[in-house]
Amino acid sequence: MTEEIKNLVGNAKNVCLIPSQEPESLSAALALFYTLKDLQKNVNFLVDDFPEKLAFLVPSLDFISSPKNFVISVPRNVADVSQIYYEKTEENLKIHLTVNKGRVEKEQLSFYIEDAKPDVIITFGIQDFQKQLEGTLNSFGYLLGVPVINIDSSAENKKFGTVNVAAARSISETALELVKSLNESAVSQNVANCILSGLVIHYENFQHPGTTPEVLELAAQLMKLGAVHAAVVANVHTPGERENHFWGQIFQHLQATRDQKTYVASLDTDDFQKLSFSEAELAVQKIKKLDFQNNLLVLWKSHASDPMIKAFFYSKSPETLQKIALSGQPFHVESKEGYILLSAKGTDIQLLKESVLNSL
């Protein structure tokens, strides 16, 4: 870990952690959260929610700081406000402004979060800061202009950070290196469980071909530090209620294309808006075990930040997968072993479905 990163985090009093909604990113961010809290840092954690499989890692919400100061701003050149009061009921809070001069239209009001500006931001698994956090940054304008440490494992990362660590390894390994650089003794049982969870997710419980002896050795070290492998696997490597529902819906919505070579399941529902690719990939692993012979395209609506359509395409034919990956169609592609992950901004499932099928 570079001296610049150690200095940025070590000298910071206020730190903001922003993970993607992928479970490994969330696990790595939680490891940093526990470490920074132990080092008496003020830590804000910007996240939509945690998937149920990570509930055993998540501290009490009372322990997590989040921006609390919401500001309503009235331009002085529009109106002179002479009195302010509020009334609170079980249903809502009403804020009353008495205008002495001028007139206030709702379009002239501005609303924003005001909180202590962080000294540094650490992102996990975010490829494009501006694109993926467009809506978030509008609400949290106090983040703009802050140094960013960008941690990712994707070769497609946009290198948006003040410091970029986009290594060809798991985000969890990079996070652990940062933890140790801050304080070797900061690897508590909570931190060890978070990092081991990330490794189990990334390396598919160490069954992935990319699992190296060094990764297994690291997992053993984490267990010596208190991580409980059985508890981690029982939680993060076992399908939860949402994944099981996803699996059932795939087969309820299967339809074959005219040539009978590809089956498609379009899940045009809001049930899976927060389903991450990592959770969806559990379905892919089941399909592999079934030795499914046809191509399979599964699409669902997502809304972690901006609305988008996510999908995976499974095929036993490397040539077919390559056709889609190199098609030049307007969707994002991440190639995996035996399948690819796809995403496109918007809410039109049919459009992404046709784009994929047309590329075959």
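# A chat about salt bridges, a helix and a pocket

Author: Let's start with serine 315, which sits in the loop between β13 and α11. Keep in mind that this is a predicted model.

Reader: Okay! Is serine 315 buried or exposed?

Author: Serine 315 counts as buried, because its relative accessibility is 3%, and the cut-off for buried is under 20%.

Reader: And what does the side chain of serine 315 make a polar contact with?

Author: The partner is the side chain of asparagine 295, at 2.7 Å. A polar atom of the serine 315 side chain also lies 3.0 Å from the backbone nitrogen of serine 317.

Reader: Nice. Switching to salt bridges: how many does the structure hold?

Author: There are eight salt bridges in the structure. One of them joins glutamate 243 to lysine 53, with the closest N and O atoms 3.0 Å apart.

Reader: Which parts of the chain does that pair tie together?

Author: Glutamate 243 is in helix α9, residues 241-252, while lysine 53 is in the loop between β2 (42-45) and β3 (70-73), so the salt bridge ties together parts that are 190 residues apart in sequence. Both of these residues, glutamate 243 and lysine 53, are buried.

Reader: Why can side chains of opposite charge pair at all?

Author: They can do so when their charged atoms come close.

Reader: Got it. What does arginine 242 meet in a salt bridge?

Author: Arginine 242 meets glutamate 279, side chain to side chain, at 3.0 Å from N to O. Arginine 242 belongs to helix α9 and glutamate 279 to helix α10 (residues 277-289), so this pair ties together parts 37 residues apart in sequence. Arginine 242 and glutamate 279 are both buried.

Reader: What about aspartate 291, which residue does its side chain meet?

Author: That one is lysine 316, in a salt bridge of 2.8 Å, N to O. Aspartate 291 lies in the loop between α10 and β12 (295-302), and lysine 316 in the loop between β13 (308-314) and α11 (318-325), so parts that are 25 residues apart in sequence are tied together.

Reader: Are aspartate 291 and lysine 316 buried or partly exposed?

Author: Aspartate 291 counts as partly exposed, at 40% relative accessibility. Lysine 316 also counts as partly exposed, at 42%.

Reader: Which residues are linked in a network of salt bridges?

Author: Glu281, Glu334 and Lys336 are linked in such a network.

Reader: Back to helix α10 for a second. Where does leucine 282 lie?

Author: Leucine 282 is in helix α10. With 15% relative accessibility, leucine 282 counts as buried. Its C-alpha atom is separated by 7.1 Å from that of proline 239, although the two are 43 residues apart along the chain.

Reader: Let's try another helix. How many residues has α5, and how far does it reach?

Author: Helix α5 covers residues 171-182, which is 12 residues, and reaches 17 Å from its first C-alpha to its last. That is close to the 16 Å expected at 1.5 Å a residue.

Reader: How many residues of α5 are buried?

Author: Nine of the 12 are buried, so α5 is largely enclosed by the rest of the structure. Among them are Ile171, Ala175, Leu178 and Leu182.

Reader: New topic: what volume has the second largest pocket?

Author: The second largest pocket has a volume of about 190 Å³. Its lining residues include Thr257, Asp259, Lys261 and Asn295, and the lining divides into two nonpolar, four polar and three charged residues.

Reader: Asp259 is in that lining, so tell me where aspartate 259 lies?

Author: Aspartate 259 lies in the loop between β10 (255-256) and β11 (262-267). At 46% relative accessibility, aspartate 259 counts as partly exposed.

Reader: And which polar contact does the side chain of aspartate 259 make?

Author: The aspartate 259 side chain makes a polar contact with the side chain of threonine 257, at 2.7 Å. The backbone nitrogen of lysine 261 lies 3.0 Å from a polar atom of the aspartate 259 side chain.

Reader: Last one! What is phi of glutamine 260?

Author: Phi of glutamine 260 is near 65°, a positive value in a residue other than glycine. Glutamine 260 is found in the loop between β10 and β11, and counts as partly exposed at 45% relative accessibility. Another positive phi belongs to asparagine 205, near 55°. Asparagine 205 lies in the loop between α6 (189-202) and α7 (213-224) and is buried, with a relative accessible area of 17%.

Notes. Residues are numbered from 1 along each chain as its sequence is written. This is a predicted model: local features need pLDDT of at least 70, side-chain atom pairs count only at pLDDT 80 or more; totals for chains, interfaces and linings use all residues. Side-chain values use heavy atoms; hydrogens and water are left out. A salt bridge is a side-chain nitrogen of Lys or Arg within 4 Å of a carboxyl oxygen of Asp or Glu. Helices (H or I, at least four residues) and strands (E, at least two) are DSSP runs, numbered from the N terminus. Buried means under 20% relative accessible area, exposed over 50%, partly exposed in between (1.4 Å probe, protein chains only). The expected span of a helix is 1.5 Å times one less than its number of residues. On a 1 Å grid over the protein atoms alone, a cavity is a set of points where a 1.4 Å probe fits but cannot get out, and a pocket is an open set with protein on both sides within 12 Å along at least five of seven lines; lining residues have an atom within 4 Å of a point. Grid points are joined across faces, edges and corners, and a volume is the space filled by probe spheres set on the points. Ala, Val, Leu, Ile, Met, Phe, Trp, Tyr, Cys and Pro count as nonpolar, Asp, Glu, Lys and Arg as charged, and the others, Gly among them, as polar. A polar contact is a pair of N or O atoms within 3.5 Å; within protein, one must be able to donate a hydrogen and the other to accept it, and residues adjacent in sequence count only if both atoms are side-chain atoms.
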